[in-house]
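Colleague: I should like to learn how to read the features of a protein model, one at a time. May we begin with the terms that describe how far a residue is covered?

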Amino acid sequence: RRPGKVTALAGGVGAARLLRGLAPLVARGQLTIVVNTADDDVFYGLNVSPDIDTVLYTLAGLSDPVRGWGIAGDTFQALEALRGYERDAWFQLGDRDLATHLFRTERLRAGTPLSQITALQTRSLGVGARVLPMSDETVRTIVETTGGRRSFQEYLVRDRARETVRSLTYQGARGAKPAPGVLAAIEEASVIVIAPSNPLVSIAPILAVPGVRQALRRAEAPVVAVSPLIGGRPVKGPADKMMRALGVAPTPLGLADFYEDVLDAMVIDTADRAFVPKLGARGIAATCLDTLMRSLGRSTAVARAALTLGASVREQRNLAS
Ligand code: FO1
C-alpha cells in the first residue's frame, strides 16, 4: 500500500540515509522534503547549503558513501590551489561540488529565491522528490561555546565539535517565513516524518521558523520521528554531547520531551527497546528495529517502519473518532 502524501523534515547525512529508503516507497510527486538551512554559510564567496546538497546528492545517487557529504569520487584541486593563497581554507569544497555552489550563488545574487534555485537543481539532478528549503530568508545557527561565539560550521568542521556548547540561537528565524509550499506540505500530508537528524541543530531551526510548529501541531497527519540515537549515541556527529550540554537527555524520552506537542510516534533502535512502554505512557506510540542504515536495504526497512507506524496511529485515531 502506498502511503499517500509524505512530508519529511530533514537535516543532512542521517536524514539522507532515511530518505534514500523512503523515496522509492512514495509515489512520484508525493514526497516533500523540508530541509534545514541554518547550517548554510558563505565560503570563498560561495553560498553553500550543506543539508540541501546532502539530500540532493544522496537522492541522485551521487553522494560520497563514506563521508556522507559531497560527491563520490570528487577531487579537490581547486581547494588545493586556493590553499596556495589562503593556507587555512578549512572548509572543503570538491571540484564537482563547486558547480552546485557557483550555480546557487550566481542565481541568489540575481535575486532568485533559494527555493526556486533548489527546485531547478532538484530537476537537473533527476530527483523525483520535492526538496524545499525551510525558508528563503537567511537563518543561521550560532553556537555559544566555552571558547566563544562560533558559526555552526566553525563549531562542527573547523573546531571538530571539541568545545562545550553553552547555548544555541537560530539567528534570523523569528523574522523568517516558511518557503513557499512548506506549510501546505505539512497540512496536506498523510504522514509527517522527522528524519534521524540532530534535533538541536537540524530539526529545531525548522521548528523555529514561525508557523511551522503550529502547522505540525494542527496537522491531521501523525508526526513520526525516527530517533537519531542508538543506545544514547548518534551514528555521526555531536548530537549526544550537545543534548547533554543543553539539558536534553540523549534518549528517546529526551527526544520526545524536546519535540513535545508536535510528536505522535517514534521509531527507535532495538538497543533502546526499554523506552517503548515509557514513551507509551506519554502517549507516544513506538516501534523498534535495527536503525543503523548501513545499506539501502536497512534504509528501506527503517522508512517502512516509520510509514507503518504512522498508518497505525492514523487508524487508531479513526477508530476513536
Ligand atoms: N563536513 C566536514 O566535516 N568537513 C568539510 O570540509 C565539509 C565540507 C562540506 C562541503 C559541502 C557540503 O555540502 C557539506 C560539507 N560538509 C563538510 C558537511 C557539513 O559540514 C555538515 O555535515 C552539515 O552541515 C551537518 O548537517
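Modeller: Certainly. A residue is called buried when its relative accessible area is under 20%, exposed when the value is over 50%, and partly exposed in between. Please keep in mind that this is a predicted model.

Colleague: By that rule, is Arg-160 buried or exposed?

Modeller: Arg-160 has a relative accessible area of 61%, and is therefore exposed. Arg-160 sits in the loop between α6 (152–158) and β8 (165–171). Its phi is positive, at about 50 degrees, although Arg-160 is not a glycine.

Colleague: And Ala-161, is it buried or exposed?

Modeller: Ala-161 is buried, because its relative accessible area is 5%. Ala-161, too, is found in the loop between α6 and β8. It is not a glycine, yet it has a positive phi of about 55 degrees.

Colleague: Which residue would illustrate the class in between, partly exposed?

Modeller: Ala-60 would, because its relative accessibility is 25%. This residue belongs to the loop between α2 and α3 (77–83). Setting aside neighbours within four places in sequence, Ala-60 is in contact with Leu-125 and Val-127. Ala-60 and Arg-20 are 40 residues apart in sequence, while their C-alpha atoms are 9.1 Å apart in space. Just after α2, Gly-61 takes a positive phi of about 75 degrees.

Colleague: How many residues of α2 itself are buried?

Modeller: Nine of the 10 residues in α2 are buried, so the helix is mostly covered by the cut-off of under 20%. Among them are Pro-50, Ile-52, Val-55 and Leu-56, as well as Asp-51 and Asp-53.

Colleague: How should one describe the packing of two helices?

Modeller: Two packed helices are described by the angle between their axes and the distance between those axes. Here, helix α2 (residues 50–59) and helix α4 (residues 95–109) pack at about 125 degrees, with their axes 12 Å apart. That angle makes α2 and α4 oblique to each other. The crossing of α2 past α4 is right-handed. On the α2 side, Ile-52, Asp-53 and Tyr-57 take part, and they meet Asp-97, Thr-100, His-101 and Arg-104 in α4. By class, this contact has two nonpolar, two polar and three charged residues.

Colleague: What angle is found between α8 and α11?

Modeller: The axes of α8 and helix α11 (residues 252–259) cross at roughly 20 degrees and come within 12 Å. Angles under 35 degrees count as roughly parallel, and α8 and α11 are therefore roughly parallel to each other. This crossing is also right-handed. From α8, the contact uses Pro-199, Leu-200, Ile-203, Ala-204 and Leu-207, and from α11 it uses Leu-255, Phe-258 and Tyr-259. By class, there are eight nonpolar residues, no polar and no charged ones.

Colleague: What, then, is the general idea behind a nonpolar core?

Modeller: In soluble globular proteins, nonpolar side chains tend to be buried together. In this model, the largest nonpolar core has 48 residues, of which Leu-216, Tyr-259, Leu-263 and Met-266 touch the most other members. Helix α8 (residues 199–208) gives the most to this core, with five residues. Another core, of 35 residues, lies apart from it and includes Ala-15, Leu-22, Val-267 and Ala-303.

Colleague: Which residues is Leu-216 in contact with?

Modeller: Beyond its neighbours within four places in sequence, Leu-216 is in contact with Leu-9, Ile-186, Ile-192, Leu-207, Val-223 and Val-262.

Terms used. Residues numbered from 1 in each chain as written. Predicted model: local features only at pLDDT ≥ 70, side-chain atom pairs only at ≥ 80, totals over all residues. Heavy atoms only, no water. Core = buried A, V, L, I, M, F, W, Y, C linked by side-chain atoms within 4.5 Å. Buried < 20%, exposed > 50% of the residue type's maximum accessible area, 1.4 Å probe, protein only. Helix = DSSP H or I, 4+ residues; strand = E, 2+ residues; numbered from the N terminus. Contact = heavy atoms within 4.5 Å. Axes fitted to C-alpha atoms, helices over the stretch in contact; angles between N-to-C directions. Parallel < 35°, antiparallel > 145°, perpendicular 65-115°, else oblique. Left-handed = near helix turned anticlockwise from the far one by under 90°. Nonpolar A, V, L, I, M, F, W, Y, C, P; charged D, E, K, R; others polar.
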